[in-house]
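Please work through the exercises below with the sequence and the structure at hand, and try each task before reading its solution.

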Amino acid sequence: MSDFQEFPEVVQEVRGALNPGRLKLQSNSIIFKNNKTGKIDQYPGTDVEKVHWLKRARGHCLKFLLSNGTIHRYDGFKEGEFEKLAAFISKYYMVSLEKKDLSVKGWNWGIAHFTGNALEFDVDNKIGFEVPLSHVSHTTTAKQEVTLEFHPNDDAAVSLMELRFHIPPDPKDTEKDLVQEFYNNVLEKADIIQATGDALAVFTEVQCLTPRGRYDFKMYNTFLQLHGKTFDYKIPYTTVLRLFLLPHKDGRQMFFVISLDPPIKQGQTRYHFCILLFNIDDEMSIELGISDEDLQEKYDNKLQKEMSGAEYEVISRVFKAVTNRKITVPGSFFSNTKSHSISCSYKAATGFLYPLERGFIFVHKPPIHIRFDEVVTVNFARSAGTNRSFDFDVETKSGTTYTFVGIEKDEYGKLYDFVSSKKLRVKNINGKGDKAPYRDDMSGSDEEDNHDAYLERMKAEGKDRQSGDEDDDSDSSDESYNPNESASDVAEE
């Protein structure tokens with residue numbers, strides 16, 4: 001028997017993607033070379049504790065369990081290769097190649113075992129499925145449930161993002177917390193961001209509109225931790241896209257908006273924005289847990305050891321320095337009430353629309369950010385409910401149209417001038433690029449161009465009635481009629 005076995009057409013599954021490579025079993029080591037990346041995995045044969053033979057979709061799988069708890073799986077073996085593999089592994093690695101049967105019953109209940117860095121789910125004493133815990137990015141508990149979230153893989157056509165395990169209590173031992181025990185086992189092996197060392201800054205009881213509640217903000221070197229009464233989030237700074245500091249229309253509060261991609265998740269809910277709300281008059285003092293050397297070298301003296309001032313100002317400055325992102329504030333736009341925002345509604349929720357220098361942002365439910373470079377057209381339309389307000393439509397290149405309704409008519413001129421200054425294409429009701437005059441747009445609609453048989457009949461009856469009562473009409477006053485008065489002027493009166 002040769003002192004090595006080589007298999008050139010083997011694949012290794014990593015987070016849903018199958019990476020082809022070459023597996024070489026030597027007398028004293030095991031080597032796998034990834035054909036795509038060129039990465040080489042090598043570990044000594046003396047570390048091998050168990051080797052399993054599994055039948056899978058792509059032929060058969062060779063599974064190595066090492067003494068340090070690591071598990072390696074390689075697919076693509078043929079059934080006829082079992083004998084020579086069993087003989088080689090038995091001779092050089094001093095372990096037997098065990099055949100493991102998989103459950104094909106399709107049951108979703110069974111027993112979970114933690115073996116090495118994997119979770120094995122057994123159904124009727126057979127393996128139902130395995131979960132590599134190194135692929136777990138986050139885990140949470142809720143009553144009798146444990147939720148596992150996984151790292152996405154751009155190379156995978158389909159990625160598993162979440163698994164939920166329901167764990168009923170043990171009727172024989174009611175004091176034993178099985179959910180917490182399961183959670184701790186996952187946490188021990190999962191690839192989860194861990195809070196190590198002291199936090200750079202801690203802000204307690206910060207009011208959040210999204211996700212709703214009060215959270216403690218703990219800022220570490222590479223991530224932000226939001227700790228609340230119910231949920232706990234860890235946000236890497238690399239996922240922070242933009243920061244916005246927006247004054248509330250009442251002049252007494254301030255929004256601080258953090259744009260995230262990918263978003264933070266809670267169950268089926270995705271939070272693309274984290275929105276903080278501050279009172280302008282609230283002040284604070286904080287001592288940062290940053291050394292003087294880091295303040296000078298890493299943060300370029302943008303922060304001080306001790307900081308004090310308005311709460312929103314201190315937190316926004318810390319965020320700007322730690323995340324290395326600029327803060328976007330309102331620019332030249334002022335509404336009719338001298339504020340930077342316009343009151344309106346999106347779908348069923350009221351909020352504020354902020355025209356910024358490079359886009360629009362709607363706060364707060366749901367938060368919407370639209371960049372000017374993705375806008376195709378905007379449209380001013382008369383509101384369906386009343387003549388005292390209008391709707392503002394924004395159509396994007398992706399085909400999505402955002403309609404902000406219930407904007408006061410007094411804001412029309414300010415918003416139209418702003419849109420024109422940004423050279424956004426205004427959609428005419430006739431389909432042309434130039435916008436119709438203000439009076440015409442507020443007094444007319446698409447429906448008025450259509451033929452209305454009932455209206456024509458009413459007009460005809462009115463003419464007949466007028467011709468029959470001509471003598472009575474001659475004594476009436478003409479003060480209520482002005483031929484130069486438009487329909488919109490009448491509506492305003």
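The exercises that follow concern a predicted model, and each task is paired with a worked solution.

**Exercise 1.** Describe the overall make-up of the protein, beginning with its helices and strands.

*Solution.* Start with the secondary structure, where the protein has nine helices and 31 strands. Next, turn to burial: of the 493 residues, 41% count as buried. Then consider the surface, since the protein exposes about 28600 Å², of which carbon and sulfur atoms supply 45%. Finally, look at the contacts between residues at least 6 apart in sequence, among which 44% join residues at least 24 apart.

**Exercise 2.** Decide whether D294 is buried, partly exposed or exposed, and find the surface patch to which D294 belongs.

*Solution.* First place the residue: D294 lies in helix α3, which covers residues 292–297. Its relative accessibility is 34%, and because buried means under 20% and exposed means over 50%, D294 counts as partly exposed. As the last step, look at the patch, which is negative and is formed by D292, E293, D294 and E297.

**Exercise 3.** Locate P366 relative to the strands, classify its exposure, and give its C-alpha separation from G351.

*Solution.* Begin with the chain, where P366 lies in the loop between β27 (359–363) and β28 (368–371). With a relative accessible area of 38%, P366 is partly exposed, because this value falls between the 20% and 50% limits. For the separation, take P366 and G351, which are 15 residues apart along the chain and whose C-alpha atoms are separated by 8.8 Å.

Key: Residues numbered from 1 in each chain as written. Predicted model: local features only at pLDDT ≥ 70, side-chain atom pairs only at ≥ 80, totals over all residues. Heavy atoms only, no water. Patch = residues over 30% accessible without salt bridge, like charges linked within 9 Å, V, L, I, M, F, W, Y side chains within 5 Å. Areas by Shrake-Rupley, 256 points an atom, 1.4 Å probe, with all protein chains shown as cover. Salt bridge = Lys/Arg side-chain N within 4 Å of Asp/Glu carboxyl O. Lys, Arg positive; Asp, Glu negative; His and termini not counted. Charge placed at Lys NZ, Arg CZ, Asp CG, Glu CD. Helix = DSSP H or I, 4+ residues; strand = E, 2+ residues; numbered from the N terminus. Buried < 20%, exposed > 50% of the residue type's maximum accessible area, 1.4 Å probe, protein only. Contact = heavy atoms within 4.5 Å.
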